[in-house]
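Welcome! Here are a few short exercises, each followed by a worked solution. Have a look at the structure first, then try each task before reading on.

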Amino acid sequence: MQKYKQIEVRSNSEIAPTQGRGEKCRTKFASEYEMSAYIDRELPAWKRHLLRRHIRSCPGCAAHIAQLQHTDKFLRQVAPVKASDDFLTGVMTQVSGINQHQRQHRAPLHRIMRFIEASLVWVKRNIQTYSPVKAGTRQARLIYTFSLTLGIFTMVGVTLYAPPGDKTYEQPVQSFTSEKLISFEVIPLEQPKRSLKTVD
Amino acid sequence: MFVSDEDLMMKCRKGDMSAFELLVRRYQHPLINYIHRSINDYHRAEDLSQETFLRVFKNASRYEPTASFKSWLYTIATNLCRNEVRNRARRNTCSFEDLVEENEDIYHTDIMRDTRYMPDVILEKKEQRQIIQKALAQLPENQRLALTLVTYQDLRYKEVADILNCSVGAVKALIHRARQKMKKLLIKAGVRGSVNAKI
Ligand SMILES: [Zn+2]
């Protein structure tokens with residue numbers, strides 16, 4: 001464990017004289033930001049190698065990097081927090097609730113799909129036998145299949161998704177706020193465009 | 001046999017609940033840790049972690065194995081953290097900088113249970129934790145998120161860039177600025193060992 005000491009607050013320059021990298025350093029290949037990337041091992045190998053060589057000869061950059069490393073080390077000393085013992089159970093309970101809901105929600109859709117599939121097979125099988133279209137042309141068959149399928153779809157749709165006749169009570173009651181009450185529109189009476197004139 | 005997060009997620013897509021449970025087991029502690037450092041409130045961090053996992057489950061069908069699961073998970077968590085901080089600012093109830101006093105047993109450390117450690121060591125640790133948490137709270141949001149992801153979650157810059165939706169170059173700048181600012185804040189708080197390195 002790295003020890004740290006509480007000290008009286010003094011000016012920053014007094015405590016940490018090297019704020020950035022050395023004033024005289026004119027390194028071109030690595031920007032200021034890349035000093036942090038260097039300690040996080042995020043630089044490409046060639047740049048890392050060059051910077052490492054540079055640090056050996058540049059006390060300003062060396063001090064700067066050492067300070068960044070120490071700040072990082074200090075931050076990492078904090079113990080991580082842990083989830084409470086019933087966290088996992090809580091998540092899994094909620095998730096199974098969602099799972100059940102999703103399954104219930106999906107069930108009618110599956111039923112519709114299976115129904116459509118079965119009806120299409122039925123249509124295909126019976127189209128030749130019971131088709132009222134005598135000509136038996138390809139086009140007529142297509143029209144017949146289409147209208148039959150449409151009819152089935154409508155029937156299924158009406159059965160499963162009834163019109164909201166009895167659901168009106170579920171609609172939220174509009175609350176009349178003062179803002180809504182005062183914002184009404186005044187519609188001016190329109191003059192008739194053509195008036196009938198009586199001719200004497 | 002180790003199963004990758006991405007494989008577990010693909011199993012989860014097919015409705016395998018045990019795969020999802022394994023993912024929660026893997027990430028529950030790191031995720032709470034990340035959210036806790038980002039919003040500075042343990043109890044809300046637990047709520048938001050739960051919400052993150054629920055969103056992962058609900059959107060499992062949209063998950064593409066091309067993306068790393070970890071990045072995806074942290075992206076969801078980051079969005080929730082941002083909303084939380086924004087909502088708190090809007091409500092103006094409790095400032096982010098306000099330290100929430102927390103029970104010692106939320107920390108993942110054996111030092112607290114070890115009787116060999118003297119109370120002053122525990123106190124010192126607590127003090128250190130509070131100084132760091134307070135300093136982190138003073139960083140701009142993106143700097144704090146980037147630094148937390150790199151320092152405490154050990155993510156690579158590329159992953160952080162994906163999570164914060166920015167370039168790797170921007171992450172480099174965020175991390176560097178965050179460390180520089182942390183250094184100054186720690187000096188201000190009276191911490192010497194962290195910044196004055198022996199060369
Ligand atoms: Zn230099």
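**Exercise 1.** Which are the buried residues of α3(A)? Find them in this predicted model, then work out how they are arranged around the helix.

*Solution.* Start with the helix itself: α3 of chain A covers residues 45-57. These 13 residues reach 19 Å from the first C-alpha to the last, close to the expected 18 Å. Next, apply the cut-off: buried means under 20% relative accessible area. The buried residues are Lys47(A), Arg48(A), Leu51(A), His54(A) and Ile55(A). Now look down the axis of α3(A): its buried residues fall within an arc of 125 degrees, so they line one face of the helix. Their packing partners are α2 (34-39) and α4 (59-76) of chain A. Finally, turn to the other side of α3(A), where the exposed residues include Trp46(A) and Arg53(A).

**Exercise 2.** Is Asn40(B) buried or exposed? Locate this residue and check its phi, then do likewise for Asp154(B).

*Solution.* Begin with a rule of thumb: most residues other than glycine have a negative phi. Asn40(B) has a positive phi, near 65 degrees. Asn40(B) sits in the loop that runs between α2 (17-39) and α3 (42-58) of chain B. With a relative accessible area of 2%, Asn40(B) is buried.

Move on to Asp154(B), whose phi is also positive, near 55 degrees. Its place is the loop between α6 (141-151) and α7 (157-164) of chain B. Asp154(B) has a relative accessible area of 53%, and the cut-off for exposed is over 50%, so Asp154(B) is exposed.

Terms used:
Residues are numbered from 1 along each chain as its sequence is written. Chains are lettered from A and ligands numbered from 1 in the order in which they are written. This is a predicted model: local features need pLDDT of at least 70, side-chain atom pairs count only at pLDDT 80 or more; totals for chains, interfaces and linings use all residues. Side-chain values use heavy atoms; hydrogens and water are left out. Helices (H or I, at least four residues) and strands (E, at least two) are DSSP runs, numbered from the N terminus. Buried means under 20% relative accessible area, exposed over 50%, partly exposed in between (1.4 Å probe, protein chains only). The expected span of a helix is 1.5 Å times one less than its number of residues. The arc is that of the directions from the helix axis to the C-beta atoms. Contact means heavy atoms within 4.5 Å.
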